[in-house]
Every structure is written in C-alpha cells, then in structure tokens.
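Please open the model in your viewer and keep the sequence panel visible. The tour below proceeds selection by selection.

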Amino acid sequence: MADDTEELAELVRHVSRALRRRTHAIAEPYGLTPHQLRAVRLIAYGTPDDEKASHPLRISDIAERMRIVARSVTDVVDDLEAKGLVRRAPHPTDRRSTIVDLTAQGRSVLEEVESRRAEDARQFFGQLTADERRQLRRLLRRLDT
C-alpha cells in the first residue's frame, strides 16, 4: 500500500482551514477577528484543562493559554474592551495583576456567535452519517495526543 500520510495531512489541513474560514465569516459581522473570538471564548470558558482554574483570568493567564506573548494579549484585550465586550479590574489578591472578564454585552455576543457556530457545525458535519461522525470523532481523538 502506498504511503498516504501526506494526502491525509493535506486533507486535515484543508478541512481545518475550511472550518476556520467559516468561523471567521460567522464572527466578522460581530466585529470579531478569529483571534479576538478565541480570546473571548478563553475568557468565558477557559480551556478543557482549566477545570480548577480561577476566573476571571489575568492577562498572563490568557497569554499562556493562547500561547502568545502578553503584549499581544494586551492589544487583543484593548480591542475587546473598546468594543465593550470585556472589562479589566484589579486582581482581588495580587495588586500587581489585572483580571479580565466578559461584560454582559460580551456574553451576549459570545452566545450569538456560539449559537451560529453550532448551527454551522451541524450543517458542515451533517454531510456525514451519524456512524461516520462517531468514527471521525474516535479517529480524531486518537490522533489528538
């Protein structure tokens, strides 16, 4: 059997780019870039590993989880704050730190975007049968190490 790994890698990259383009198209009418949406989602939900993490998050926490430098996060938070989606506040126990939390408007926008993303995902993956989706989920989880 011929080595098909490069074709598989290219197909996964292509599908991933398609999903990112779709997310961008959903977020754009709300004035959000994909990077800003990622930050809003992180501020709202944390990451899958954040079961015990405290919220709201410090700028340094956001930077670490987004895997970008704190200065870049500051720019993202500045933009989100200017849009009324997040607010900064002094950390309750660390006077040197600032925490970031969603505003009511930020939560509302996130709920709308997430609702549209969920519907888009249903349409996108609706091309597959339930059995194919289960199989795809199982395979992707196996590769997600």
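What covers the buried residues of helix 3? To answer this in the viewer, select helix 3, residues 59-66, and display the side chains of its buried residues, which are Ile59, Asp61, Ile62, Ala63 and Met66. Then add the elements that lie over them: the cover includes helix 2, strand 1 (57-58), helix 4 (70-82), strand 2 (86-90) and strand 3 (98-102). Please bear in mind throughout that this is a predicted model.

Move next to arginine 67, just after helix 3. This residue takes a positive phi of about 60°.

**The whole chain**

Zoom out and colour the protein chain by secondary structure. Six helices and three strands should appear. Traced from the N terminus, the elements follow the order α-α-β-α-α-β-β-α-α. Along the principal axes, the C-alpha atoms fill a box of roughly 60 × 30 × 25 Å. Of the 145 residues in the chain, 27% are buried. Among contacts with a separation of 6 or more, 49% join residues 24 or more positions apart.

Switch to a surface display. The accessible surface comes to about 10200 Å², and carbon and sulfur atoms account for 52% of it. If the surface is coloured by charge, there are 27 positive and 25 negative charges to find, and the mean positions of these two sets are 2 Å apart.

**The largest pocket**

Now locate the largest pocket, which has a volume of about 1600 Å³. A total of 35 residues line this pocket; select Val15, Ser16, Leu19, Phe125 and Leu140, the closest to its centre. Which helix gives the most to the lining? Select helix 6 (130-143): with nine residues, helix 6 is the largest contributor. Helix 1 (5-27), helix 2 (34-45), helix 3 and helix 5 (104-125) should be shown as well, as each supplies at least two lining residues.

**Arginine 22**

Finally, select arginine 22, which lies in helix 1. Is this residue buried, exposed or partly exposed? Its relative accessible area is 28%, so arginine 22 counts as partly exposed, given that buried requires under 20% and exposed over 50%. Beyond its neighbours within four places in sequence, arginine 22 is in contact with Asp120 and Phe124. Draw a C-alpha to C-alpha distance from arginine 22 to alanine 121: the two are 99 residues apart in sequence, yet 9.3 Å apart in space.

Notes: Residues are numbered from 1 along each chain as its sequence is written. This is a predicted model: local features need pLDDT of at least 70, side-chain atom pairs count only at pLDDT 80 or more; totals for chains, interfaces and linings use all residues. Side-chain values use heavy atoms; hydrogens and water are left out. Helices (H or I, at least four residues) and strands (E, at least two) are DSSP runs, numbered from the N terminus. Buried means under 20% relative accessible area, exposed over 50%, partly exposed in between (1.4 Å probe, protein chains only). Contact means heavy atoms within 4.5 Å. Accessible areas come from the Shrake-Rupley method with a 1.4 Å probe; for residues, only the protein chains shown count as cover. Lys and Arg count as positive and Asp and Glu as negative; His and the chain ends are not counted. The place of a charge is taken as NZ of Lys, CZ of Arg, CG of Asp or CD of Glu. On a 1 Å grid over the protein atoms alone, a cavity is a set of points where a 1.4 Å probe fits but cannot get out, and a pocket is an open set with protein on both sides within 12 Å along at least five of seven lines; lining residues have an atom within 4 Å of a point. Grid points are joined across faces, edges and corners, and a volume is the space filled by probe spheres set on the points.
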